Amino acid sequence: MGALMVIFSLQTKQRRKMTDSVEDELELSAARHRPEALEQLEAQTRFSRKELQILYRGFKNECPSGVVNEDTFKEIYSQFFPQGDASTYAHFLFDAFDTDHNGSVSFEDFVMGLSILLRGTVQEKLNWAFNLYDINKDGYITKEEMLDIIKSIYDMMGKCTYPTLKEETPRQHVEIFFQKMDKNRDGVVTIDEFIDCCQNDENIMKSMQLFENVI
Amino acid sequence: MAAGVAAWLPFARAAAIGWMPVASAPMPPPPREKRRGQDGLIILNVSGTRFQTWRNTLERYPDTLLGSTERDFFFHEETNEYFFDRDPDIFRHILNFYRTGKLHYPRHECISAYDEELAFFGIIPEIIGDCCYEEYKDRRRENTERIQDDEENENNKDLVLPELSFRESMWRAFENPHTSTMALVFYYVTGFFIAVSVMANVVETVPCSSGPNRAKEVSCGERYALAFFCLDTACVMIFTVEYLLRLIAAPSRYKFVKSVMSIIDVVAIMPYYIGLVMTDNEDVSGAFVTLRVFRVFRIFKFSRHSAGLRILGYTLKSCASELGFLLFSLTMAIIIFATVMFYAEKSSSASKFTSIPAAFWYTIVTMTTLGYGDMVPKTIMGKIFGSVCSLSGVLVIALPVPVIVSNFSRIYHQSQRAEKRRAQKKTRLARIRATKSGGANAYLQYKRNGMLADAEEEASKEAGKSLVCKINPTFETQHHHLLHCLEKTTNHEFVDEQTYETNCMEVSLTKPSMSRSSSLSSSPHGLSSCCTRRNKRKSFSVSNSNMVGGRRGSIQELSTIQIRERPMSNSRSSLNAKFEETLPLNSEEQSYITAAVISMPTPPVTTPEGGDSASSPDFLQSNIVRVSAL
């Protein structure tokens with residue numbers, strides 16, 4: 001009798017697993033996304049129709065299902081940096097683009113982000129950069145968060161660099177950054193300190209205008 | 001890098017804004033954007049089938065026919081389209097390559113037609129995607145083999161052999177009997193003698209009619225002892241000569257001696273020699289008789305003459321585990337049934353089942369359904385178990401046999417496929433590595449060439465990294481600018497593997513003297529960089545030796561240029577440009593330009609070739625330090 005029960009429970013578990021897998025498959029194939037109409041996107045972003053068309057074609061080519069999940073994102077971004085490991089920085093980027101935090105970047109998120117980066121005012125760009133650095137999105141950049149970001153940037157360089165990367169290089173970089181940005185020496189950088197300091201730095205201002213005409 | 005990802009380059013560049021606030025150095029200026037023409041549709045008419053695509057799609061690969069101006073030759077004014085008189089079915093795949101960046105090979109197409117189309121449109125077949133690459137390579141190999149066979153059959157008569165040494169030609173004659181008539185003759189003669197020897201062994205045991213004055217019949221071997229002995233001697237001599245010749249001609253004697261065929265040869269001829277050596281002693285005659293049994297192994301020499309026999313032997317060897325299992329299960333069944341039969345028949349009188357081992361014989365004969373009838377159960381229990389034994393015998397024997405047969409074919413095909421995959425794995429890995437390093441190397445090459453040069457010139461200067469089609473030069477420059485921004489952000493530079501290795505070594509070597517140099521150069525790592533370039537100098541120190549004398553005077557100039565330039569800008573590009581102006585070197589290798597420059601301050605005390613020795617490190621270091629800004 002007990003043996004029968006065991007066999008029966010095994011069978012049901014198997015069947016449930018099978019249905020689960022079928023459902024999973026349905027879910028995966030149903031993860032499609034159609035973006036809003038072209039007019040709406042045109043109104044919401046600062047891109048022209050033609051630019052949106054070009055952007056969408058490229059986006060859909062690489063992600064036919066219409067959404068990018070984090071792994072695809074990391075893979076695409078890593079192809080631009082063959083010598084290093086771009087996955088950590090891509091993870092931070094993904095979080096910055098995925099504004100509604102649903103685990104995938106749709107075309108709207110993508111285009112909104114790009115609109116800020118390429119056509120936004122300096123204020124908006126700095127806001128975006130602050131959002132990127134603030135990993136837990138609490139409004140303050142701590143030294144640990146900055147260290148993570150800087151380490152991920154150095155990871156993209158890879159191993160074969162000149163001069164050779166040392167252990168304390170990212171930490172030193174973070175110290176320099178905090179010395180510059182943290183005016184009231186309270187150990188965190190707020191958005192106002194950040195924007196103030198960047199606006200007073202000529203180099204940063206100049207480099208913000210660098211990618212104006214990328215599309 | 002797939003051209004499809006090129007569409008994401010604007011995104012990657014925009015995301016670089018995230019580096020700006022933490023950058024430790026100012027960013028390089030962006031590359032000049034050539035104003036591209038309007039992105040319009042192009043109509044491609046291939047033998048009546050119209051294909052349409054964007055102009056940009058085609059221009060992703062500028063060194064193919066469709067991506068370059070070569071397509072203008074096919075422009076048809078009347079219909080305002082590009083007309084190609086080629087196969088539209090194959091063209092579909094070529095156009096898909098432009099769209100997706102992956103080239104696929106359609107299995108139903110003829111390989112030579114496909115190759116022709118690829119050659120016409122200027123696409124290298126090596127970029128075929130991994131999904132279709134194996135199939136393509138297989139078909140290609142079959143095709144080339146077929147062509148080779150045809151050519152061989154044509155040229156077989158007047159084939160001019162390269163000058164093989166006598167030994168090599170002998171070995172070739174042994175291995176391939178079809179190469180020359182002598183080899184063929186040898187092949188048939190040995191085959192004949194093997195057959196004769198085996199037949200003699202068989203016939204000499206047949207009882208011949210005895211003479212009138214003999215009581216019992218004798219075998220032919222005893223009657224015609226001398227004749228058989230002469231025949232045996234002749235055969236063994238031929239075999240011995242053959243074995244020695246093979247041993248001499250073998251390219252690797254040790255391997256030959258270890259091989260199975262040579263062991264068979266030895267076993268076939270040893271009994272004769274042992275028989276010659278041994279006297280007609282009573283004690284050893286028993287052993288002598290045993291040895292004669294080994295003469296039957298001569299029949300295995302036929303495996304040189306038959307490929308099928310060789311394949312059978314190989315598959316038996318590889319199926320050893322399955323055969324072992326069959327044997328084991330049979331043994332189990334035999335022991336079980338023999339025990340049962342013994343105890344069942346114990347009660348019957350005068351039963352032949354005297355012991356369990358005696359019952360083994362009955363069990364084997366019954367299970368293999370032979371049923372000699374020399375041992376028969378008499379009790380009822382014995383008969384019942386006997387029938388069960390014969391029924392199960394059919395199952396136990398018949399069941400593993402198809403398994404073994406299917407294993408044969410599976411293992412055989414598996415080994416074939418494994419061989420194929422092993423051969424292709426190396427090329428596949430090499431391809432992946434080449435494309436990966438190609439991307440990285442392209443950037444390093446670009447840096448060394450000086451980033452101020454125009455995009456088109458860069459693309460043309462790149463030397464043979466064309467395992468992948470060259471991609472859009474605009475894309476290249478933008479990508480290089482992006483990598484340059486990353487370098488500026490982190491204040492470190494990309495270098496290639498060798499430089500990195502030598503850097504590691506040099507840093508450990510020159511650590512104590514680095515403190516001296518810090519006063520002169522602002523970069524504390526300058527020493528290690530120079531030492532690496534010094535190492536690179538080894539390869540062409542001869543060609544640059546003539547520069548040592550003439551350029552001594554400009555050392556001072558160089559160092560002043562360095563020190564002057566330092567405070568103004570950190571960008572290496574301007575320094576590079578300066579160098580290229582002041583020192584017009586005719587460099588055959590672009591990559592060694594900077595290294596050549598460093599070789600200049602070699603002091604005259606050391607010979608130019610020996611300049612890379614650490615003989616006078618102090619002097620070298622002080623000079624090198626000044627030029628260290630590179």
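This short talk goes through the sheet, some ring contacts and a surface patch in chain B of a predicted model.

Before I start, a word on conventions: residues are numbered from 1 along each chain as its sequence is written, while chains are lettered from A and ligands numbered from 1 in the order in which they are written. Since what you have in front of you is a predicted model, local features need a pLDDT of at least 70 and side-chain atom pairs count only at pLDDT 80 or more, with totals for chains, interfaces and linings using all residues, and side-chain values rest on heavy atoms, with hydrogens and water left out.

Let me begin with the sheet. In chain B there is an open sheet of 4 strands, in the order β2-β1-β4-β3, and its pairing is mixed; strands here are DSSP runs of E, at least two residues long, and helices are runs of H or I, at least four residues long, both numbered from the N terminus. Two strands are taken to pair if DSSP finds at least two bridges between them. As general background, strands of a sheet pair through backbone hydrogen bonds, either parallel or antiparallel.

Which strands stand at the edges? They are β2 and β3 of chain B, and because each has a single partner strand, one side of each is left without a neighbour in the sheet.

Going across the sheet, strand β1 (residues 41-46) of chain B and strand β2 (residues 49-54) of chain B run antiparallel and are joined by 6 bridges. Within that pairing, B:Leu44 has B:Phe51 as its bridge partner in β2(B), and B:Ile42 has B:Thr53. The hairpin of β1(B) and β2(B) has 2 residues between the strands, and B:Ser47 takes a positive phi there, near 50°.

β1(B) also runs parallel to strand β4 (residues 81-84) of chain B, with 3 bridges joining the two. There B:Asn45 stands opposite B:Phe83 in β4(B), and the partner of B:Val46 in β4(B) is B:Phe84.

β4(B) in turn pairs with β3(B) in the antiparallel sense, over 2 bridges, and here the bridge partner of B:Phe75 in β4(B) is B:Tyr82. The hairpin of β3(B) and β4(B) has 4 residues between the strands, and in that loop we find B:Asn80, whose phi is positive, at about 60°, although the residue is not a glycine. B:Asn80 is exposed, with a relative accessible area of 54%; exposed means over 50%, buried under 20% and partly exposed in between, using a 1.4 Å probe and protein chains only. Another residue other than glycine with a positive phi, near 60°, is B:Asn491, found in the loop between α20 (473-490) and β7 (493-494) of chain B.

Now to the rings. Rings of Phe, Tyr and Trp (for Trp, its six-membered ring) pair if their centres lie within 6.5 Å, and planes under 30 degrees apart count as stacked, over 60 as edge-to-face and the rest as tilted. By this rule the count comes to 46 aromatic pairs over all chains. One of them is the stacked pair of B:Tyr61 and B:Phe97, at 4.5 Å centre to centre with 25° between the planes. B:Tyr61 lies in the loop between α3 (55-58) and β3 (75-76) of chain B and B:Phe97 in helix α4 (residues 88-100) of chain B, so the pair ties together parts that are 36 residues apart in sequence. Both B:Tyr61 and B:Phe97 are buried.

An edge-to-face example is the pair of B:Trp171 and B:Phe256, 6.1 Å centre to centre and with 90° between the planes. This pair links distant parts of the chain, with B:Trp171 in helix α7 (residues 166-175) and B:Phe256 in helix α11 (residues 253-258) of chain B, 85 residues apart. B:Trp171 counts as partly exposed, at 21% relative accessibility, whereas B:Phe256 is buried, at 7%.

Finally, the surface. B:Leu226, B:Phe229, B:Met270, B:Tyr273, B:Ile274, B:Leu276 and B:Val277 make a nonpolar patch of about 670 Å². Patch residues have over 30% relative accessible area and no salt bridge, and nonpolar side chains (Val, Leu, Ile, Met, Phe, Trp, Tyr) are joined within 5 Å, like charges within 9 Å; a salt bridge is a side-chain nitrogen of Lys or Arg within 4 Å of a carboxyl oxygen of Asp or Glu, and areas come from the Shrake-Rupley method with a 1.4 Å probe, where for residues only the protein chains shown count as cover. The largest share of the patch, 5 residues, comes from α12(B), and B:Leu276 in that helix is partly exposed, at 48% relative accessibility.
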